[in-house]
2 protein chains.
Amino acid sequence: MPRKPEYDRDELIDRARDLFWKQGWAGTSLKDLENVLGIKPGSFYAAFGSKDALFELTLDRYAETGANRLEALVERHGALGALQRYPKLVVDASTAMAKACMLSKTVLELGGKDNKLAARANAHLSKMEALFATLFRKAQDDGHVAQTFNADVLARRYQSDLLGLRFSAERTGVDAKAIAHEIEECLAELAKTNRRGK
Amino acid sequence: MPRKPEYDRDELIDRARDLFWKQGWAGTSLKDLENVLGIKPGSFYAAFGSKDALFELTLDRYAETGANRLEALVERHGALGALQRYPKLVVDASTAMAKACMLSKTVLELGGKDNKLAARANAHLSKMEALFATLFRKAQDDGHVAQTFNADVLARRYQSDLLGLRFSAERTGVDAKAIAHEIEECLAELAKTNRRGK
DNA sequence: CCCTTTCTTGAGTGATCATTCAAGTATATA
DNA sequence: TATATACTTGAATGATCACTCAAGAAAGGG
């Protein structure tokens, strides 16, 4: 018997994520959100509760999408292949709104005042690093990477390189694709070392 | 015949830089600055003109200090030695207020709305990258790195790695020193390749 | 001691911030 | 068609924002 919302809540979260991703938390005002989402304050607060609550939703969605994208690569190209392709994918203009990782941006913007949202973003980053470690282990089990390497160490370095790459991609006048290519080659080198050793 | 200021303007800029560095632009209110600098609004605006103007001063000082620190390393350890030691230096808790690079934080926070301060930070980063390239060339001239490498490419990758490292250091529960050590070892590897080639 | 000059103080400015809520509107069921 | 049940609207709220300015305080030269 009631009235139905005129908006698609899921699509609103996507649009909010893209805006937060680009402009950050403080850089995005409620007026900005109202404009982009096409709703008035009343509807906004009925739908999401607060700016913080919506930001949290977008953080979670961002992290989930990223992990899904990586796992899709794994199914198509295997663990090592996915790790090799991910840097290029993530910097590719056609697939990304902004280039720099939204999680890292959030940690940097809000981490200075130990904020709840920054802590959540940090947790997502840790989960991502754990996923990288899992993939490196899988690559070792596949015989693509030597067992002598420590998968956790490789994952930690991989994430650090990835974050550096993604930040560089955000800058004007930096050839991010070239850096992505170099990271890919480093992983290929890792695999070659293994083949030589056998 | 006039009255002299009760504060040391230079030290105020240092303190403001540390606060901006940690909390970012939007995260630092004028009340925060008044508390940390120990001056009231009237004196603040007489001394610095505006929050933006002070931020610009702190950006410039930050960049200058970083470059000086690197050049001091060069004099003591040569070009390659400096490039090897810089990552550890920059992540060392005793020398840095925050860990992540203030320039990159500024670009990320304000770059989404093409802000003047973000552009300035970006320019400082470019200068830094150019300095890295100069050092790689010097390392080549010293015979420490093979001439076959392109110094600009090495510098671009070095900066990307450094930014990733510095962001990782800002996160809770990440062993930044280990990553710094790995970057150092990569440069040592670069040098070894050269010696082998000769 | 007086006067000029500069610095310090802090209440006050208008703008913008996130958020609230009462009034109006649309829809599904009875 | 009547009514209950949401949803939409937008003006209003108090807080905080960066910033201003008039009045008072300190210091050096006459």
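The questions below concern the DNA surfaces and the nonpolar core of this predicted model.

Q: What makes a residue count as one that surrounds DNA strand C, and which are the closest?
A: The criterion is a C-beta atom within 6 Å of the strand. For DNA strand C, 25 residues are listed as surrounding it, and the closest are Leu30(A), Pro41(A), Gly42(A), Pro2(B) and Gly42(B). Two or more residues each are given by helix 2 (30–37), helix 3 (41–48) and helix 4 (51–91) of chain A, together with helix 3 (41–48) of chain B. The largest share, 4 residues, comes from helix 3 of chain B.

Q: Which residues are the closest to DNA strand D, and which element gives the largest share of the surface near it?
A: Among the 24 residues that surround DNA strand D, the closest are Pro2(A), Gly42(A), Leu30(B), Pro41(B) and Gly42(B). Helix 3 of chain A supplies the largest share, 4 residues.

Q: How is the surface near DNA strand C divided by class, and where does Gly42(A) belong?
A: This surface has 12 nonpolar, 5 polar and 8 charged residues. Because Gly counts as polar, Gly42(A) belongs to the polar class.

Q: Why is Leu165(A) called buried?
A: Leu165(A) is among the residues with the most contacts inside the largest nonpolar core, which has 99 residues. Such a core is a set of buried residues, so Leu165(A) must have 20 or more other C-beta atoms within 10 Å of its own.

Q: What does Leu165(A) touch?
A: Leaving aside residues up to four places away in sequence, Leu165(A) touches Pro87(A), Val91(A), Ala176(A), Ile179(A), Ala180(A), Ile183(A) and Ser160(B).

Note on methods: Residues are numbered from 1 along each chain as its sequence is written. Chains are lettered from A and ligands numbered from 1 in the order in which they are written. This is a predicted model: local features need pLDDT of at least 70, side-chain atom pairs count only at pLDDT 80 or more; totals for chains, interfaces and linings use all residues. A nonpolar core is a set of buried Ala, Val, Leu, Ile, Met, Phe, Trp, Tyr and Cys residues joined through C-beta atoms within 7 Å. A residue is buried if 20 or more other C-beta atoms lie within 10 Å of its own, exposed if 12 or fewer, and partly exposed in between; C-beta atoms are placed from the backbone. Two residues are in contact if their C-beta atoms, placed from the backbone, lie within 7 Å.
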